[in-house]
Number of protein chains: 2
Amino acid sequence: MFLDDRKRRILRAIIDDYIDTAEPIGSRTIARKHELGLSSATIRNEMADLEEMGYLAQPHTSAGRIPSDKGYRLYVDNLMGIRELTLEEIESIKEAMEVRINELGQLIRQASVILSRITKYTSMAITPQMKKSILRTVQVVPIESSKALVIVVTNAGIVRNCMMKIPEKAEPQDLVRVSNILSEKLCGCTIEQINQQTIKDVEHEIGISKELLLPVLDGVSECIGQIDNPEVYLEGTTNIFNYPEFRDIMKAKGFLNVLDEKDVLYKLLNSHLENDSRINVQIGTENELDEIKDCSLVTTTYRIGDIVIGSMGVIGPTRMEYPKVISSMNYIRNQINRQLDRIVGQITDDS
Amino acid sequence: MFLDDRKRRILRAIIDDYIDTAEPIGSRTIARKHELGLSSATIRNEMADLEEMGYLAQPHTSAGRIPSDKGYRLYVDNLMGIRELTLEEIESIKEAMEVRINELGQLIRQASVILSRITKYTSMAITPQMKKSILRTVQVVPIESSKALVIVVTNAGIVRNCMMKIPEKAEPQDLVRVSNILSEKLCGCTIEQINQQTIKDVEHEIGISKELLLPVLDGVSECIGQIDNPEVYLEGTTNIFNYPEFRDIMKAKGFLNVLDEKDVLYKLLNSHLENDSRINVQIGTENELDEIKDCSLVTTTYRIGDIVIGSMGVIGPTRMEYPKVISSMNYIRNQINRQLDRIVGQITDDS
DNA sequence: ATTAGCACTCGCTGAACAAGAGTGCTAACA
DNA sequence: TGTTAGCACTCTTGTTCAGCGAGTGCTAAT
């Protein structure tokens, strides 16, 4: 059976309607609402075909049709229109994103907030993956007689610090020397290169009292650990209660339980990290995770320059307003990228 | 009518049972399960009295009784037994809390996680309120030719930093001088004392080029702002789905919606901050907030030395296992306090 | 003062039933 | 030959109603 143009138009009409109403769509509804110039009987026949081809399904004999995952897939890839953002939407995104946030994590969180607010679904995001960023500065600053702060700065402007106990007798110039040596050894390396072994190497090379060097190295390694340590943001979880597919308490519970597991979210977002900069859509059973096999997940990545450093996503019922989600995400992603470039540029002045 | 000992025993039995089963309790159930040596008819009479006195309520004529808020109040204040933590519970708390966390925020979050896990309700906590803490160190560290990191350390060991642009021509010794002057002026003050005005004062007093001083002061004020900026942690939200009182989807939604508002949570926890170190229980309508008038909120504070710096709480249905919640919270609070003292002691060595 | 007994109340459950929406099929039509 | 009108059939949903069970309040006996 061939999927001709008329079938496509009907399928699109059905999916558009179903996304809107969440009710199985009958042939009469389509004949009435959409100007296809066809009677309900004709549409009925076409719908039977579409079902046979696997694009539609019937909850029970005497009900209308609902889209299958395969139907949604076709819809997302070929059928759906693009939904421009409204002026208000654009405004509200800009307003939320253009506050000057200098902490990368805060920027991403804010993006997640606005993403869930615009789409009305649940949004999530992971903080920048900084493995690839480059260590710029290592400094040791004396705070009190026996305390020093180890400070680490990356090319992306991430600053981390760690308070360490140092020997009472350490002189300021010792600290300066340690700083200099560490800078020389470690600066220019990416975070992932600076693993424990590298740090150990430094430990052996330098001729400085271990009593001073060891705590400082501990501090560096703690800082590195903190940079690498990802955060997951989750926003708009209660939005799901607005959708009838989660009217069932067990469904809602299952969904929220998955989202409660930060590491599950992390994997979810991370698995699409290597993809190109397009927007990725996983529909229903296309998802690996059993618990969300009746949800759709729309993800994309954001970047500094050319390097992908993190990703964000929207999760909701398969009956999702794909056009709106995709254009919102697109717009917000661009905003993030712009802000990231600004922040990094501002801090590192690579120009 | 006098609330004699027998009435109390019956009331306690009813509430214990109701907390356990969530079903209205009939006279026969009490007569059977608890060894009170009384017939169901007698208990029936007593129950009628207890209802008249306002300790019990009847969902409808032919149902058993459920406790009223007033009943729970009496129960919490006078009737209930104490529930010792089991060895496993103690173990799991210790295990979770005794990892060496040096960031105060992380410690509190971890406490919140374990609190919700042990109690099976939803827990929340606010990060330390650091208004009262004292500024110990201000330092300005050059990072690149035109960038400097402003670092602020408090007596509680909180470290904040902020990257600022400074004039290219600024010499290292200028930065040291600024550091010294700022330290002299600001150290020893509490965070809340160092408001914009104080900073402005410093600006006028010092004879250093404004080009350098202004960004540094901005940095200090940004750091101060960050210290003051509270975080709210929320854990175990999906636990509520285990309780029949939230079986209704709208109830669950309403509850989760309240918890989604960070500033509402903040107020909720903050309003009990001035209280002494006891554990505070708000039952049902005792809560100010309409949306949680059928919930109970158990809160307490934690502290460094004698100063209360934050609070944590558990929220759940009024039918809450008060004895368990209270003893868990007590134990965890003590663990927090101990850890806090350790962290602060380690960093500031006040001894 | 306590208890046994009994009539009464009320919510819950399941069956029966009607209404409504939608389908598939057949036959008629352009 | 593709399209459409008509109709019988299916299945869900909502409603009504009777019967059951849990529990009460009251009265009379202990």
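Start at helix H3 of chain A: H3(A) gives four residues to the surface near DNA strand D, the largest share of that surface. The model on screen is a predicted one.

**Stop 1: DNA strand D**

Keep strand D in view and select the protein around it. DNA strand D is surrounded by 20 residues, and the closest are A:Arg6, A:Thr42, A:Thr61, A:Ser62 and B:Ser27. Sorted by type, the residues of this surface are four nonpolar, twelve polar and four charged.

Which parts of DNA strand D lie within 4 Å of the protein, sugar and phosphate or bases? Sugar or phosphate holds 75% of those atoms, and bases hold the rest.

Now pick out single contacts. Select A:Thr42: an N or O atom of its side chain is 2.3 Å from a phosphate oxygen of DNA strand D. Move to A:Ser62, where a polar side-chain atom is 3.0 Å from a base oxygen of DNA strand D. Then go over to chain B and select B:Arg65, whose side chain has an N or O atom 3.1 Å from a phosphate oxygen of DNA strand D. H3 of chain A and H3 of chain B are the elements that give two or more residues to the surface near this strand.

**Stop 2: DNA strand C**

Switch the selection to strand C. Here 21 residues surround the strand, and the closest are A:Ser27, B:Arg6, B:Thr42, B:Thr61 and B:Ser62. Of the atoms of DNA strand C that come within 4 Å of the protein, sugar and phosphate account for 74%.

Which helix gives the largest share of the surface near DNA strand C? Select H3(B), which supplies four residues. Helix H3 (40-52) of chain A and helix H3 (40-52) of chain B each supply at least two residues of that surface. By type, the residues near DNA strand C are five nonpolar, twelve polar and four charged.

Three residues of chain B are worth a click:

- B:Arg6: a side-chain N or O atom is 2.8 Å from a phosphate oxygen of DNA strand C.
- B:Ser39: a backbone N or O atom is 3.2 Å from a phosphate oxygen of DNA strand C.
- B:Arg44: a polar side-chain atom is 3.2 Å from a base oxygen of DNA strand C.

**Stop 3: between chain A and chain B**

Hide the DNA and colour the two protein chains separately. How many residues does each chain bring to the contact? Chain A brings 34 residues and chain B brings 34 residues. The size of an interface is often given as the accessible area lost when the parts come together. Between chain A and chain B the buried area is about 2800 Å², and carbon and sulfur atoms give 55% of it. On the side of chain A, select A:Thr238, A:Phe241 and A:Ile249, which lose the most area to chain B and together make up 19% of what that side buries.

Next, look for the polar links. Two salt bridges are counted between chain A and chain B. One of them joins B:Glu231 to A:Arg109, with the closest N and O atoms 3.6 Å apart. Eight residue pairs are in polar contact across this interface, both residues of each pair being at pLDDT 80 or more.

Turn on the cartoon for chain A. The elements of chain A that give two or more residues to the side touching chain B are strand S4 (135-144), strand S5 (147-154), strand S6 (159-165), helix H10 (249-260) and helix H12 (322-348). S4(A) gives the most, seven residues. The side of chain A that touches chain B divides into 14 nonpolar, ten polar and ten charged residues.

**Stop 4: two serines**

Select A:Ser123 in strand S3 (residues 122-126) of chain A. Is A:Ser123 buried or exposed? A:Ser123 counts as buried because its relative accessibility is 0%, the cut-off being under 20%. Its side chain reaches the backbone oxygen of A:Ser112 at 2.7 Å. Setting aside residues up to four places away in sequence, A:Ser123 touches A:Ser112, A:Leu115, A:Ser116, A:Tyr233, A:Leu234, A:Glu235, A:Gly313 and A:Val314.

Finish in chain B at B:Ser179, found in helix H7 (residues 172-186). B:Ser179 has 6% relative accessibility and therefore also counts as buried. A polar atom of the B:Ser179 side chain lies 2.9 Å from the backbone nitrogen of B:Val140. Apart from neighbours within four places in sequence, B:Ser179 is in contact with B:Val138, B:Gln139 and B:Val140.

Methods
Residues are numbered from 1 along each chain as its sequence is written. Chains are lettered from A and ligands numbered from 1 in the order in which they are written. This is a predicted model: local features need pLDDT of at least 70, side-chain atom pairs count only at pLDDT 80 or more; totals for chains, interfaces and linings use all residues. Side-chain values use heavy atoms; hydrogens and water are left out. Contact means heavy atoms within 4.5 Å. Buried area is the accessible area (1.4 Å probe) that two parts lose on being put together, summed over both. A salt bridge is a side-chain nitrogen of Lys or Arg within 4 Å of a carboxyl oxygen of Asp or Glu. A polar contact is a pair of N or O atoms within 3.5 Å; within protein, one must be able to donate a hydrogen and the other to accept it, and residues adjacent in sequence count only if both atoms are side-chain atoms. Ala, Val, Leu, Ile, Met, Phe, Trp, Tyr, Cys and Pro count as nonpolar, Asp, Glu, Lys and Arg as charged, and the others, Gly among them, as polar. A residue is near a molecule or strand if one of its heavy atoms lies within 4 Å of it. Buried means under 20% relative accessible area, exposed over 50%, partly exposed in between (1.4 Å probe, protein chains only).
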